Number of protein chains: 2
Amino acid sequence: MRLLISVFFLVLSLPLSAQNNTELDLMPMPANIRMGSGQFVVDASFTVAVGGPKDSRIEHAAERFLDRVAAQTDIPISRTVGSGSAKLVISVAKAEDNLLALGSDESYVLDVAPTGMELSAANDLGVLHGLETILQLLKASPIGFAVPALRIDDAPRFPWRGLMIDTSRHFIPMEVIKRNVDGMAAVKMNVLHVHLSDNQGFRFESHKHPKLQEMGSDGSYFTQDQLRDLVDYCRERGIRVVPEFDVPGHSTAWFVGYPELASLPGPYEIERHWGIFDPAMDPTNDKVYEFLDKLYGEVTEVFPDPYLHIGGDEVNGKQWDANPNIQKFMKSHNLPDNHALQAYFNARLLKVVEKHNRDMEGWDEILHPDLPQNAVIQSWRGPNGLAAAAQASHRAILSNGWYLDLMWSAERHYMNEPFSGDAASLTPDEQKLILGGESCEWTEFADPENIDSRIWPRNAAIAERLWSPKDVVGIESMYRRMYSESRRLDSLGLTHNANYEPMLRRIAGGDNIVALKVLAGVVEPVKDYTREELHKADPATQYTPLNRLIDAARPESETAREFRLLVDTYLAQPSPDRVAQIRTELTVWKNNDAQLQPQIAQSFLLKEVAPLSANLAALSNIGLLALDRIEHNQATSDAWRTQSLQQIAGASKPQADLLIMIAPAVQKLVEATPR
Amino acid sequence: MRLLISVFFLVLSLPLSAQNNTELDLMPMPANIRMGSGQFVVDASFTVAVGGPKDSRIEHAAERFLDRVAAQTDIPISRTVGSGSAKLVISVAKAEDNLLALGSDESYVLDVAPTGMELSAANDLGVLHGLETILQLLKASPIGFAVPALRIDDAPRFPWRGLMIDTSRHFIPMEVIKRNVDGMAAVKMNVLHVHLSDNQGFRFESHKHPKLQEMGSDGSYFTQDQLRDLVDYCRERGIRVVPEFDVPGHSTAWFVGYPELASLPGPYEIERHWGIFDPAMDPTNDKVYEFLDKLYGEVTEVFPDPYLHIGGDEVNGKQWDANPNIQKFMKSHNLPDNHALQAYFNARLLKVVEKHNRDMEGWDEILHPDLPQNAVIQSWRGPNGLAAAAQASHRAILSNGWYLDLMWSAERHYMNEPFSGDAASLTPDEQKLILGGESCEWTEFADPENIDSRIWPRNAAIAERLWSPKDVVGIESMYRRMYSESRRLDSLGLTHNANYEPMLRRIAGGDNIVALKVLAGVVEPVKDYTREELHKADPATQYTPLNRLIDAARPESETAREFRLLVDTYLAQPSPDRVAQIRTELTVWKNNDAQLQPQIAQSFLLKEVAPLSANLAALSNIGLLALDRIEHNQATSDAWRTQSLQQIAGASKPQADLLIMIAPAVQKLVEATPR
């Protein structure tokens with residue numbers, strides 16, 4: 001697929017394995033890099049031309065590229081894309097404006113020499129990826145803004161690299177979706193999966209069934225024109241759009257306008273709580289299929305992608321159990337249980353989906369012996385579900401391990417290898433059925449203000465897992481490059497960094513957030529579904545403001561991670577520098593509480609963090625004592641150690657739904673004290 | 001003018017003079033504040049209603065207000081504006097969508113009680129101002145998001161409170177203008193003056209004379225539709241728009257398409273340099289007036305404001321001197337000099353302006369005994385020019401002292417009192433002719449990326465000078481409130497804070513900007529026109545990237561100002577805390593150079609700051625030595641002091657066009673050492 005090989009790339013130095021190129025701030029790491037010597041300098045004479053076939057997508061991409069080069073450098077650069085020769089020549093074997101099929105060749109070759117750059121690809125898609133690579137490489141050097149001389153020969157590991165955004169639980173406006181699409185393109189993701197309906201809101205404008213959005217969305221929905229525009233926006237960036245309309249469960253919002261679709265009579269209201277709820281469509285009702293047939297007719301006019309996601313997850317079956325007619329139907333149709341009833345539903349639904357020339361996609365639960373083979377399984381349950389799908393000859397994508405809303409570390413997401421667990425032992429043919437994966441951002445606790453910080457920068461690490469060779473696994477390299485990418489994403493308008501301090505100022509009720517930032521810098525939101533579990537007595541709803549410290553705090557604390565590394569390094573190899581650094585940090589944390597407590601009285605949003613702040617001081621104090629004992633080789637008593645470990649355990653419990661992430665390092669210090 | 005007095009404002013505590021209300025983060029400070037007791041809490045039940053007459057401008061303003069309340073709190077609040085009762089009731093005596101005349105009543109009364117808020121005004125304009133006041137007051141309190149109970153009875157000191165933006169030297173796109181309009185509205189400014197043409201670009205789309213923008217703008221101009229939309233955007237925010245087309249000088253860009261208007265034959269090119277240039281329109285050419293007549297016909301259809309700014313500044317007369325026909329004309333018309341010729345031009349132009357029902361406005365230079373009385377003078381030369389205009393019975397506004405591009409401190413702008421110099425002794429009738437003033441942002445060294453940081457937050461201090469009572473002059477209060485306002489302006493999309501670190505990262509060529517930030521934090525760009533004077537040999541042009549440290553550095557260093565205050569306080573009243581704080585800061589600055597120097601080799605943009613960084617270290621070292629001598633009461637030698645003061649003088653000279661603003665404080669420490 002490397003059709004066009006540069007003629008001017010002459011000077012090659014040592015070939016390097018991708019993993020060793022840690023000096024290049026690239027994410028995802030390309031499959032192959034060979035460093036050259038020297039660099040190409042971008043100045044006011046910079047030009048771009050398309051050397052061969054050209055279409056509007058390539059031209060638009062080149063114009064956006066020129067805008068971003070100008071923005072990165074502040075050099076006034078002509079926005080004109082030429083033909084023939086230029087400082088950057090883009091060539092494709094075939095220009096294809098509309099090419100956006102799963103499995104299309106996305107490879108590209110980038111040759112950078114001091115005299116110019118050449119980007120060649122089989123088609124438009126590779127061009128889009130290659131331009132992003134150049135933008136990641138371009139930065140100030142000793143001789144000007146420059147791209148290092150090199151040759152990159154790159155192609156993705158998986159053809160399906162997606163991000164799912166839940167627009168139902170909290171409505172996520174189009175501008176927020178679009179800036180996240182820009183972020184996806186920057187890290188070479190190629191599928192936007194929009195979760196358009198759920199119990200808490202129906203977000204698609206239906207002309208056939210207007211009560212869906214009129215009664216099921218609080219007025220917050222996407223018009224068909226907006227969605228068509230989104231599809232076009234994504235197409236321009238090489239990104240497919242897969243719409244999801246979750247059925248037969250997760251569908252309360254549908255029943256507000258159309259209670260006759262449900263398995264029990266209404267009336268229904270938009271669900272304001274989070275969780276799994278009883279309402280489900282009635283699989284025995286022919287009208288349900290007719291209704292979906294009409295809706296899919298509209299949906300498929302808006303979304304051209306061959307895949308239609310029908311959800312299919314988390315049907316608890318209670319409404320089915322409670323409806324005698326459904327029970328009778330199950331008996332007469334030999335459907336032994338609710339899973340079989342759902343399989344019946346899926347089988348009938350599949351015919352509707354196929355009528356509209358779409359392949360059905362659904363969550364694990366749709367997997368059933370009767371499920372037709374061309375249905376694609378999205379596995380939220382794990383690599384074993386993925387393996388089960390492939391072994392049943394289904395194509396599958398992985399999402400388990402990539403739920404961004406669970407607040408895991410980037411490392412944990414990054415090391416989530418699709419071919420692990422049962423999937424590690426798939427046959428080569430079965431392996432081919434694993435198309436890739438999708439990260440998922442469910443929005444119980446994300447809204448337009450903080451959703452970017454839940455998705456980025458961790459999503460860049462997931463994008464790398466899906467794009468780069470399997471053996472690209474260096475954690476420190478990943479973190480370094482992920483934080484670089486995080487800053488670049490700022491320039492695309494993503495707000496994961498920009499909204500952080502304003503949210504802290506709101507919480508503080510003023511501009512002085514010095515102490516609050518110190519505290520916020522070492523905590524993380526509780527993981528998995530703990531936030532909901534901690535508030536069972538007074539659960540959050542769609543109306544609950546997301547303005548607490550947990551909503552501002554980053555999913556992963558960079559400071560705490562670095563501190564844990566520092567302590568590990570120190571314990572393995574003590575040095576005066578390391579001791580000094582640990583002592584400085586612990587002292588700042590120990591003293592921070594005295595700074596923060598007076599402020600806490602000023603704002604109702606700070607009240608809940610008082611014990612958290614006190615715990616940070618207590619932990620740091622223990623850490624300092626332990627460090628002194630280690631440094632002076634003074635034995636500690638069993639009683640002190642026991643008491644300290646108890647205190648650490650106490651301070652490690654959630655406060656204000658937040659965890660103090662330096663606790664494990666302090667514990668290691670205590671455990672390392674001489675006896 | 002206080003037509004509607006609240007009935008529910010019952011509990012009043014001590015009345016406070018405006019200046020003493022430093023605890024309230026308001027800017028501009030209102031004319032009258034009486035604090036009440038308690039506070040009004042904004043929660044999910046918050047509602048807004050218009051109690052009396054209502055129009056679309058009030059309704060839109062209330063909707064924007066609700067959006068901003070929701071954004072400030074993250075509380076989901078209904079966007080519906082009701083009628084009758086509500087938590088906030090807005091009342092106007094008369095609703096007037098289109099009221100936007102100079103001198104309109106802009107007063108409002110805001111009553112806040114624990115039970116609700118009432119905003120009353122004579123008309124729409126006061127409502128707009130009052131809503132901004134509420135947004136400034138709303139923040140987290142111990143019992144929730146709250147506005148303190150109080151009564152504000154407010155009205156502006158001057159009716160003309162403007163900001164001029166030069167869109168010619170660097171083109172400033174509409175989105176940038178609009179976000180600055182939002183900023184103006186937030187600080188109650190009411191005139192946007194758009195400088196639409198100059199030697200470096202003609203930015204108005206003329207249908208009558210299309211070569212103006214086609215040949216004079218590099219394709220960067222505003223369409224009439226865009227400008228109409230801007231006028232509407234401003235009207236909705238209570239802001240008049242005054243367009244300026246600078247003639248007869250500052251007009252090279254016009255002559256590219258229409259050389260026949262000039263006083264000497266062409267051809268002409270768009271001017272790329274900065275400064276005063278020779279080309280000027282030919283005042284003896286009837287076609288010039290016909291040309292302007294047609295243009296003004298278009299301009300006045302787009303801009304409804306009664307004022308048309310004709311510029312009139314800095315005509316050097318060289319083209320007039322060089323044209324024998326013009327010389328002959330001057331003799332035959334008894335025009336003794338070029339100033340008289342320009343007065344002749346202005347007199348004829350005035351007829352054209354009047355034909356289009358506009359009042360003429362111009363810079364000081366148009367002042368001439370023959371100038372008709374209704375022309376308004378904008379004084380860039382100073383309070384004496386302002387006084388001269390008023391004494392000649394002209395209305396006048398002040399801009400001298402408020403040129404934001406000169407990089408003065410906020411304090412200097414703030415203390416620029418219109419009634420000073422000759423203007424201090426104007427008669428009461430003459431004083432009435434002083435309408436107010438305008439800050440000006442000329443864009444030789446500002447572009448879309450950094451213009452906000454040149455305008456904000458200092459423009460808020462100027463806005464306060466024009467709005468608040470003359471005796472509101474507390475400097476520390478102003479700075480505290482200005483920096484609060486600066487953060488609030490972030491939420492309007494202004495980029496004065498947001499773009500700072502990205503620009504530093506660009507300069508550093510990487511993400512590690514710890515040391516660069518320390519340096520950038522204590523420097524300021526050179527003042528007045530020094531930047532141009534320092535580069536006479538190789539002057540900047542329109543093509544010069546604005547990506548140096550001077551382009552990122554803030555016009556005023558908050559850190560250095562606070563350090564100078566700290567040193568002053570310490571020298572007046574030494575204390576261990578102050579010594580410790582001074583020592584800590586000087587030590588950081590002293591050690592910073594060692595951190596920064598290794599990075600300097602990595603980026604061509606950092607090279608020029610190497611001596612600056614070294615100077616900061618040297619200055620800090622001297623400061624530390626002086627501090628030790630003072631603290632230990634050890635005498636210093638004359639030689640040491642002389643040498644130190646020489647070093648300080650050297651380090652105070654511009655490096656990379658930047659000044660180290662802690663130098664004066666270090667000098668004071670040296671001078672305070674015991675002899």
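## Aromatic cluster and pairs

In this predicted model, one aromatic cluster brings together seven named side chains of chain A: Phe202(A), Phe204(A), Phe245(A), Trp254(A), Tyr258(A), Phe291(A) and Phe303(A). Over all chains, the count of aromatic pairs comes to 38. Phe329(B) and Tyr344(B) form one of the pairs, with an edge-to-face arrangement. Their ring centres are 5.2 Å apart, and the planes meet at 65 degrees.

This pair joins two helices. Phe329(B) belongs to helix α9 of chain B, residues 324-332, and Tyr344(B) to helix α10 of chain B, residues 338-355, so the contact ties together parts 15 residues apart in sequence. Phe329(B) is buried, at 15% relative accessibility. Tyr344(B) is buried too, with a relative accessible area of 19%.

## Charges over rings

Both basic residue types appear over aromatic faces. Lys188(A) lies over the face of Trp467(A), 5.9 Å from the ring centre. In chain B, Arg465(B) places its charged end over the ring of Tyr414(B), 4.5 Å from the centre.

## Nonpolar cores

The largest nonpolar core has 200 residues. Within it, Phe46(B) and Trp254(B) touch the most other members. Helix α23 of chain A, residues 610-631, supplies the largest share of this core, nine residues. Another core, of 199 residues, lies apart from it. Its members include Leu135(A), Phe419(A), Ala446(A) and Leu504(B).

What does Trp254(B) contact beyond its neighbours within four places in sequence? Its aromatic partners are Phe202(B), Phe245(B) and Phe291(B). Leu212(B), Val247(B), Leu261(B), Met281(B), Leu292(B) and Leu295(B) are also in contact with Trp254(B). Ser197(B) and Asp246(B) complete the list.

## Cysteines

The count of disulfides over all chains is zero. Cys234(B) and Cys440(B) illustrate this. From the sulfur of Cys234(B), the closest cysteine sulfur is that of Cys440(B), 16 Å away and too far for a bond. The search from Cys440(B) leads back to Cys234(B), again at 16 Å. A disulfide would need the two sulfur atoms within 2.5 Å.

Both side chains are shut away from solvent. Cys234(B) is buried at 0% relative accessibility. Cys440(B) is likewise buried, with a relative accessible area of 0%.

## The loop at Ser220(B)

Ser220(B) sits in the loop between α4 (211-216) and α5 (224-236) of chain B. Is Ser220(B) buried or partly exposed? With a relative accessible area of 25%, Ser220(B) is partly exposed.

Residues up to four places away in sequence aside, Ser220(B) touches Phe171(B), Phe202(B) and Arg203(B). Phe202(B) is also a contact of Trp254(B). Gly201(B) is 19 residues from Ser220(B) in sequence, and their C-alpha atoms are 8.3 Å apart in space.

## Relation of the two chains

How is chain A laid on chain B? A turn of 180 degrees with a shift of 0.0 Å along the axis does it, at an RMSD of 0.0 Å. That is the relation of a two-fold axis. Among the residues of chain A, Ala498(A) comes closest to the rotation axis, with its C-alpha at 3.6 Å.

The interface follows this relation. Of the interface residues of chain A, 100% are also interface residues in chain B, so the copies meet through the same surface.

Terms used:
Residues numbered from 1 in each chain as written. Chains lettered and ligands numbered in written order. Predicted model: local features only at pLDDT ≥ 70, side-chain atom pairs only at ≥ 80, totals over all residues. Heavy atoms only, no water. Phe/Tyr/Trp six-rings, centres within 6.5 Å; stacked < 30°, edge-to-face > 60°. Helix = DSSP H or I, 4+ residues; strand = E, 2+ residues; numbered from the N terminus. Buried < 20%, exposed > 50% of the residue type's maximum accessible area, 1.4 Å probe, protein only. Lys NZ or Arg CZ within 6 Å of the ring centre and 35° of its normal. Contact = heavy atoms within 4.5 Å. Least-squares fit on C-alpha atoms with pLDDT ≥ 70 in both. Core = buried A, V, L, I, M, F, W, Y, C linked by side-chain atoms within 4.5 Å.
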